[in-house]
Amino acid sequence: MLDKKNIIKEGITFHQIETNKFKTNLFALFLAIPLEKDEVTKRALIPAVLRRGSKNYPTQELMSKTLEEMYGASFDCGIDKNGENQIIKFYIEGINEKFLPEKEKINEKCFDMLLEIVFQPKMEEGHFDPAYVESEKANLKNIISSKIDNKRKYALDRCIEEMYQDDAFGIYKYGYLEDVDPITTDDLTKAYQTLLQKAKIDIFVSGDQIGDLFEHIQNHPLIQNLEARKPEFRINQVIRKEKVSFSIKPKKVVEETMQVNQGNLIIGLDLGIEKEEEKEVANVYNAILGGGANSKLFQNVREKASLAYTAGSNYTKQKAVIFIRSGIEIQNYDQAVTIILKQIEDLKNGAFTEEDVENAKELLKASLRGIPEEQDSELTYYYGQELSGKETSLEEYLQKVELVTKQQVEDLAQRVCTNTIYFLRNEGNEGKEAKA
Amino acid sequence: MKIMESKKIQEKAYLEKLKNGLTIVIIPKQTTRKKYVIWGTHFGSIDNHFRMPGSGEEVFIPDGVAHFLEHKMFEQPNGTNSLDTLMALGVDANAYTTNDHTAYLFECTDHFEEALAELMDYVQHPYFTDENVEKEKGIIGQEIRMYDDDPGWQLYMNAMDCLYENNPIKIDIAGTVESISKIDKDVLYKCYQTFYHPSNMMMVLCGDFDPEKTLKMIESHLIEQPKQEEIQRFYPPKDEKIHKKEKVVSLEVSTPIFMIGILDPEEKENDSVKKHMAIEIALNILLGKSSPLYQKLYEEGNLSAQPDFDYEFSEQYAHILIASQSKNPRKVYEDFRHEVKKLQKNGITEEDFERCKKKLYGNYVTEYNNIDSIARMFLADWMKGNNSFEYIEGYDQITKEYVEEILKNKFQEDKMIISIVENTNENK
């Protein structure tokens, strides 16, 4: 295992990934907590306020200048969703000391800065700076409203929301517009303190000859201040208790209009995964259906029918779901849906070859082998393992994919259920009324 | 092979120009298992009027041909598609078209030899029929539609329209549904014959390679071709002044987005790398994350992230771009112009200059993190006549005085434009 793990305290883990592939060292800190409708917006606001200023770097200007002095070390933070968990992420990327024009020690500085931003915010009388809170509330509202800007992503987000109305996975990771205004500085400060007590904390460093930073972290006063915790984050359970039976007919069809030129079609499929090893079978199934240029969707929707430029699918392991995505001419909706659903039917009827299975496995293996070639991907992979409560190395993962058989794919194809068809279109009536 | 080296980042690039004119650059990286290959031709969307070297025929082509040709290169006479063939090997293959070049690429951990053979086979063997050209129109039509709904792309195209009256950079790379309807197999073959000659092409390889061995392998896949003379390309005269001061359109976006453009009408100089770096430093001092102007605009709620900076240039065009999201783009524009004047008058401080230079160095080093970004960077820089190492090796020769000179000469108010995409709903 390349990821050397050390438990600092219960619920707080340090990971060191040794790699000589990059010019940079990457330092990351992740907070994981279950997604909750009432808390999600506040928690999304926290990193935005934290990056505004800390005790020792009270303004963004000072923070930015300090980072720029460290040869443009870059700080970034963001919100993610992993299954039913909200993940608050903080990163600093710094140049590996070997490549600095002058000898300088910046690793510890990068780490100290990261910890300072997360654990030692600028406080006034025991709460956040109200001016920072107010201005970041306005920014968060912008982020939430900007959902509509990227039409393809918006369509996917909306399909997820419709499909998982009563499930934490359906919660939007940045929260909800109507919940922003009522947040007070006090509320937010309390939410931050609760987060630090309850969240699962993982601290990562990835790079070459970083030395032993574990001790530095372990003895860091800001880490020593933290209490041990039994984190509440949810390990995702995808093996279903109830049986999923095959269905082409969707449970739900949603159409939404916007000022668009292209229609965006999303279809969500539930997979009836019954055993642990079927998680990899599902990966192969998805690759055959819509994984790449030789997939059923690409070949039939794009290459044969000439209906789309984008036609493919993605598998979300944490929820055993596949989302099919395609951008089409609005009047071609019926034709596109028919062709797509036929592919699912064909897979169920075993209308695919050993070669399709082998191609799909090659594609998956190549993408697994590519993981250590990108610093953030590798780090994210190990964090994903951490969150799934398992420690599958990439080698083991490759073997699991290798073992998948055509029969297994066919078996799983009997337990694919079309859940939601979502279509983002314009307000016109093309296709229904012919225009002169 | 000629060896170029960057001591600062400990990387080497091996260069060879073959007899048939093909340029090959190999950047070996022993620390990776991956191999990345990109093969580019100096043919992009701006090359729409030229004389064919063989016949001497003068050709005008519809908008979007370079990109259309890129889509069609994968198709083979036996009915197979090279993209599928490569994907079946677990090789990630792709292609793209820009203003000034078209590139075919793949990356892999295994099956390199087969993949290289496939790449070199399909790029050297075009196969266009009336039927396969017709079929592609539906697919590209949807790609164009996708960009029609992309506010960022609309913003960029409108900025080009403001900056240039005549330059073909204002033509959409993919063309329009109307212009691609005029494309047929004859025009594709004409462009192929003209621009896909090895003397107009460059191949860059980065990753787990032995340069000499790899070079031999590439040579063995090249088919023999008669020498070709230089391609004569026709462009309208260079724009001396901007076309229009601003362009505003409405789309369904949450917050308006804007792009400030500054035309640089000067002929491309030999030291374009130096100029590029000085412009980046100037932009960071003007409106970077640590600048007083950024802080002010952030606190007023007029900016929420550092704008994206870019300096795009070739023999035919050059301009600075600054883009971001703002509820009040005009205010940002006004403040920016004011700040430019202030710095032109007062100069920049030694402290700001040194700090931004350090930041820039870090950015350049970071670009060497991934083999795909290295290879793409070498190709793109080469198409402009530059060597990518010049950035990392030359950064410490930039002086404060030079940045000040650039600030005075390249940030002139009468060369500035703004493109804005507003929110439809707020206008109703």
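**Exercise 1.** Which residues of helix α3(B) are buried, and what covers them?

*Solution.* Start with the cut-off: buried means under 20% relative accessible area, exposed over 50%, partly exposed in between (1.4 Å probe, protein chains only). In this predicted model, the buried residues of α3(B) are F112(B), A115(B), L116(B), E118(B), L119(B), M120(B), Y122(B), V123(B) and Q124(B). Next, look for contacts, meaning heavy atoms within 4.5 Å. The cover includes β4 (35–41), α2 (82–88), β8 (102–108), α7 (185–195), β9 (201–207) and α8 (211–221) of chain B. Helices (H or I, at least four residues) and strands (E, at least two) are DSSP runs, numbered from the N terminus.

Two conventions apply. The model is predicted: local features need pLDDT of at least 70, and side-chain atom pairs count only at pLDDT 80 or more, while totals for chains, interfaces and linings use all residues. Residues are numbered from 1 along each chain as its sequence is written.

**Exercise 2.** Locate H111(B) and classify its exposure.

*Solution.* H111(B) sits in the loop between β8 and α3 of chain B. Its phi is positive, about 60 degrees, although H111(B) is not a glycine. Relative accessibility is 28%, so H111(B) counts as partly exposed.

**Exercise 3.** Do the same for E125(A).

*Solution.* E125(A) lies in the loop between β6 (123–124) and β7 (127–128) of chain A. Its phi is also positive, about 45 degrees, and E125(A) is not a glycine. With a relative accessible area of 78%, E125(A) is exposed.

Terms used. Chains are lettered from A and ligands numbered from 1 in the order in which they are written. Side-chain values use heavy atoms; hydrogens and water are left out.
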